[in-house]
Amino acid sequence: MKNKLLIIGASGHGKVVADIALKMNKWQSIAFLDDDENVKSSMGLEIVGKSNETIKYINDYDIFVAIGNNETRKKVQERLEEEGAKIPTLIHPNAVLGEKVEVASGTVVMAGVVINCCTKIEKGCIINTGSTLDHDNIIEEFVHISPGAHLAGTVRVGKKSWLGIGSVISNNVDIASSCMFGAGAVVIRDINDSGTYTGIPAEKVD
Ligand SMILES: CC(=O)SCCNC(=O)CCNC(=O)[C@H](O)C(C)(C)COP(=O)(O)OP(=O)(O)OC[C@H]1O[C@@H](n2cnc3c(N)ncnc32)[C@H](O)[C@@H]1OP(=O)(O)O
């Protein structure tokens with residue numbers, strides 16, 4: 001671990017990520033990279049450059065990608081990995097993690113999240129505010145679990161899928177990669193095809 005943290009992306013999601021990093025109290029200084037030239041600071045933290053300037057900071061900073069879009073976050077994190085960046089895991093102090101929970105690098109776990117035992121969260125995920133993930137879940141890389149989503153036991157979510165705000169996933173459900181579930185969707189059976197799903201029970205709409 002380095003004593004400085006660089007966060008890529010200073011928008012709404014980036015601000016929440018910075019807030020968590022500040023509360024973790026592990027880094028002596030925190031700064032952003034962002035591509036909006038008009039913004040010089042965010043949350044009182046300096047924006048020191050653009051997102052393509054990471055190589056300048058790689059030796060001195062831990063680097064975290066705070067980009068909401070799953071595909072873009074994947075591209076940026078994987079480029080950083082190739083460049084040898086040290087990518088931390090960010091966990092809000094008021095998240096509750098059970099025994100044998102694994103959380104990989106580049107994943108952020110926000111305030112009020114509960115993750116029960118034996119759940120594995122792969123790299124680059126967003127586990128957003130107040131969501132709950134019960135026992136034995138597998139959340140594959142670059143997934144976004146939106147605020148207030150609830151996943152019962154033994155759920156698998158495939159790479160880059162996005163569970164919308166307040167969505168509900170029943171136990172023993174397997175979800176394919178690159179799916180989008182609308183706000184409030186309720187998933188009661190396996191989802192085998194990528195696409196957009198809404199409603200109760202969730203049906204494919206796109
Ligand atoms: C901290 C944070 O902010 S994290 C971010 C959290 N944000 C979310 O979770 C967003 C979730 N997004 C949604 O639910 C979106 O509405 C989506 C992705 C399902 C659809 O978005 P779009 O493709 O733009 O669809 P659009 O808004 O044009 O709606 C298309 C139709 O679907 C319906 N629809 C849209 N969302 C939903 C939903 N969640 N449930 C049921 N029906 C829906 C609309 O009413 C509309 O119906 P109509 O054609 O009969 O009028």
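The shell around the ligand is made up of eight polar and four nonpolar residues, with no charged ones. Keep in mind that this is a predicted model. Its confidence scores come out at ipTM 0.98 and pTM 0.98, and the protein averages a pLDDT of 97. Here's a quick tour, starting with that ligand.

**Around the ligand**
- Asn128, Ser146 and Thr196 are among the residues that surround the ligand, and so are Thr198 and Pro147.
- Several glycines join in as well, including Gly164, Gly182, Gly184 and Gly199.
- Ile165, Met180 and Ala183 also belong to the surroundings of the ligand.
- Looking for a charged residue in this shell? You'll find none, as the count by class is eight polar and four nonpolar.

**His135, the annotated residue**
- An unreviewed UniProt entry puts the annotation "active site" on His135.
- To find His135, look in the loop that runs between strand 13 (132-133) and strand 14 (138-139).
- Is His135 buried or exposed? It lands in between: His135 has 17 C-beta neighbours inside 10 Å, so it counts as partly exposed.
- Leaving out residues up to four places away in sequence, His135 touches Asn116, Cys117, Cys118 and Thr119, plus Gly153.

**The six-stranded sheet**
- Strand 13 turns up again here, in an open sheet of six strands with parallel pairing, ordered 7-10-13-16-19-22.
- The edges belong to strand 7 (96-97) and strand 22 (186-187); each has a single partner strand, so one side of each has no neighbour in the sheet.
- Further in, strand 16 (residues 150-151) pairs with strand 19 (residues 168-169) in the parallel sense, over two bridges.
- For one of the residue pairs, take His150, whose bridge partner in strand 19 is Val168.

**Strand 5 and its partner**
- Strand 5 (residues 61-65) is largely enclosed by the rest of the structure, because five of its five residues are buried.
- In a regular strand, side chains alternate between the two faces of the sheet.
- Strand 5 has Tyr61, Ile63 and Val65 pointing one way, while Asp62 and Phe64 point the other way, and all are buried.
- Which strand pairs with strand 5 in the parallel sense? That's strand 1 (residues 4-8), and the two share five bridges.
- Within that pairing, Leu5 has Asp62 of strand 5 as its bridge partner.

**How confident is the model?**
- On the pLDDT scale, 100% of the residues score at least 70.

How values were computed. Residues are numbered from 1 along each chain as its sequence is written. This is a predicted model: local features need pLDDT of at least 70, side-chain atom pairs count only at pLDDT 80 or more; totals for chains, interfaces and linings use all residues. A residue is buried if 20 or more other C-beta atoms lie within 10 Å of its own, exposed if 12 or fewer, and partly exposed in between; C-beta atoms are placed from the backbone. Helices (H or I, at least four residues) and strands (E, at least two) are DSSP runs, numbered from the N terminus. Two strands pair if DSSP finds at least two bridges between them. UniProt positions are given in the numbering used here, feature names are shortened, and annotations may be inferred rather than shown by experiment. Two residues are in contact if their C-beta atoms, placed from the backbone, lie within 7 Å. A residue is near a molecule or strand if its C-beta atom, placed from the backbone, lies within 6 Å of it. Ala, Val, Leu, Ile, Met, Phe, Trp, Tyr, Cys and Pro count as nonpolar, Asp, Glu, Lys and Arg as charged, and the others, Gly among them, as polar. pLDDT is the predictor's confidence in each residue, from 0 to 100.
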